[in-house]
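Open the structure in your viewer and keep the selection tool at hand. The tour makes three stops.

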Amino acid sequence: MGIFDIQIPVVYGEGGKAFGRLLTEVVSLSEDITLLDWVGQSSRLNTCLPAHPKCYYDTAWLSENALSAHAVSAANSPRNQNFENYPSLYRLLVDPPPARLYFTQGKLTVNCIMHKVETLKFHYESIRRPGIYRYDISANGLKSFSINTGRTIAQVPDDTDSGEDNIIIPTYTVVRVWHPAILYDVQESGASSDPLLSFQQLTKPFIALLLMRQGAGKYRRVPTKAPILAMLKNPDNIESITSEISSIEIS
């Protein structure tokens, strides 16, 4: 508590909840979105928090290797982007909305760029690996990808696969947690914003979260065994994806 300069009550015997309570204070104080980058088991306090510090250790090298393997060089990014054709995208790059990341009564409120999941199907080859379940995911605006989880989750079939109308199909969303710093990692500190560089930064692969909808604007995170690396399907259509930064609640 002294290291992070925060004050929380000591509750003896609470076990794993102590780490979750510490993180809620650290996240609210720092607004550091990388604190949500973890793999493994979720906390009993909030599904967006890890149950143990080891979840960060396992993520560090996995995330670095995944992003390095799919690095996008500036030479391959659009060089002559005509932002007059993308007014809402230009406004986002020049005057980005502030970060919104805080906890209230155990629920995390956060701004996100959202990609609705169109299909989520169990990958039957994962039957050969006890305790690990693989799912193939297709989400709006993103290239298809797979995730590994430690438990089974409800599937989202194609419209042609749903044989019964009375089956309740869950709603999932792949999100990129929003923070203006996302746009400026390639620019020098204190330099004026360059829309082209910001655009290139926004089109790079990113670590995403998979959320399951619980109600209007309310979600729960689906924990995975490895980081979710998401990539835009077509950077030229980025304005339709980033035109709105949505505020959601995760419990």
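The stops are a surface patch, a residue in a strand and a pair of helices.

This is a predicted model, in which local features need pLDDT of at least 70, side-chain atom pairs count only at pLDDT 80 or more, and totals for chains, interfaces and linings use all residues. Residues are numbered from 1 along each chain as its sequence is written, and side-chain values use heavy atoms, with hydrogens and water left out.

**Stop 1: the patch.** Select Met 1, Val 10 and Tyr 12, which make a nonpolar surface patch of about 400 Å². Met 1 sits in the segment before helix 1 (17-30). Met 1 counts as partly exposed because its relative accessibility is 45% (buried means under 20% relative accessible area, exposed over 50%, partly exposed in between, with a 1.4 Å probe and protein chains only).

**Stop 2: the strand.** Select Thr 119 in strand 2 (residues 107-122). Is Thr 119 buried or exposed? At 14% relative accessibility, Thr 119 counts as buried. Add Gln 155: the two residues are 36 apart in sequence and 7.6 Å apart in space, C-alpha to C-alpha. Beyond its neighbours within four places in sequence, Thr 119 has contacts (heavy atoms within 4.5 Å) that include Asp 136, Ser 138 and Val 156.

**Stop 3: the helices.** Select helix 3 (residues 87-94) and helix 4 (residues 195-202), whose axes come within 9 Å and cross at roughly 100°. The two helices are therefore roughly perpendicular to each other (angles of 65 to 115 degrees count as such). Show side chains: Leu 89 and Tyr 90 are among the helix 3 residues that meet helix 4, where the residues met include Pro 195 and Phe 199.

Terms used: Patches are made of residues with over 30% relative accessible area and no salt bridge: like charges are joined within 9 Å, nonpolar side chains (Val, Leu, Ile, Met, Phe, Trp, Tyr) within 5 Å. Accessible areas come from the Shrake-Rupley method with a 1.4 Å probe; for residues, only the protein chains shown count as cover. A salt bridge is a side-chain nitrogen of Lys or Arg within 4 Å of a carboxyl oxygen of Asp or Glu. Helices (H or I, at least four residues) and strands (E, at least two) are DSSP runs, numbered from the N terminus. Axes are lines fitted to C-alpha atoms, for helices over the stretch in contact, and angles run from 0 to 180 degrees between N-to-C directions. Angles under 35 degrees count as roughly parallel, over 145 as roughly antiparallel, 65 to 115 as roughly perpendicular and the rest as oblique.
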